[in-house]
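Colleague: I have a model open and would like to go through its core and its surface. Please give the cut-offs as you go.

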Amino acid sequence: MNQLSNTFLPSSTTHEVSPGHSCRIACLKSAQAFHAWLDTLVLLVIHIRSRIKNHANYAETLHELNTLDERTLRELGINRNDFKAIAKGKYLTDVTRLQRSKVD
């Protein structure tokens, strides 16, 4: 076994082995590579599922906001231009705008 192949094995299996054990070590390496690939695949599926869920929540929030009438929007201190920021969770309330609307 050469020095380079030993660097990819855990420290407990880096000792020199007889040629008969090289298949077992290759199988261990293949299993480790498969588990790493499987972990990556699981993370990808979790990420995609999270993106789909976030998009569904975004679309539902936009739908609910679009059902509000103008009077309710004024009472809440928001306008239709704010809907996307609200749905994304990035809306910051402009206190001065709320104060101006109370004066009107």
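Colleague: Which residues form the largest nonpolar core, and which helix gives the most to this core?

Modeller: This is a predicted model, where local features need pLDDT (the predictor's confidence in each residue, from 0 to 100) of at least 70, side-chain atom pairs count only at pLDDT 80 or more, and totals for chains, interfaces and linings use all residues. Residues are numbered from 1 along each chain as its sequence is written, and side-chain values use heavy atoms, without hydrogens and water. A nonpolar core is a set of buried (under 20% relative accessible area, 1.4 Å probe, protein chains only) Ala, Val, Leu, Ile, Met, Phe, Trp, Tyr and Cys residues joined through side-chain atoms within 4.5 Å; the largest has 7 residues, namely Y58, L62, L65, L73, I78, F83 and A87. Helix 2 and helix 4 (DSSP runs of H or I, at least four residues, numbered from the N terminus) each supply at least two of them, and the most, 3 residues, comes from helix 2.

Colleague: Which residues is A87 in contact with, leaving aside neighbours within four places in sequence?

Modeller: Contact means heavy atoms within 4.5 Å. A87 belongs to the core, and its partners outside that sequence window are Y58, T61 and L62.

Colleague: Is L43 buried or exposed?

Modeller: L43 is found in helix 2, residues 22-66. Exposed means over 50% relative accessible area, and L43 has 58%, so L43 is exposed.

Colleague: What percentage of the 104 residues is buried?

Modeller: The protein chain has 5 helices and 0 strands. Of its 104 residues, the buried share is 14%.

How values were computed. Helices (H or I, at least four residues) and strands (E, at least two) are DSSP runs, numbered from the N terminus.
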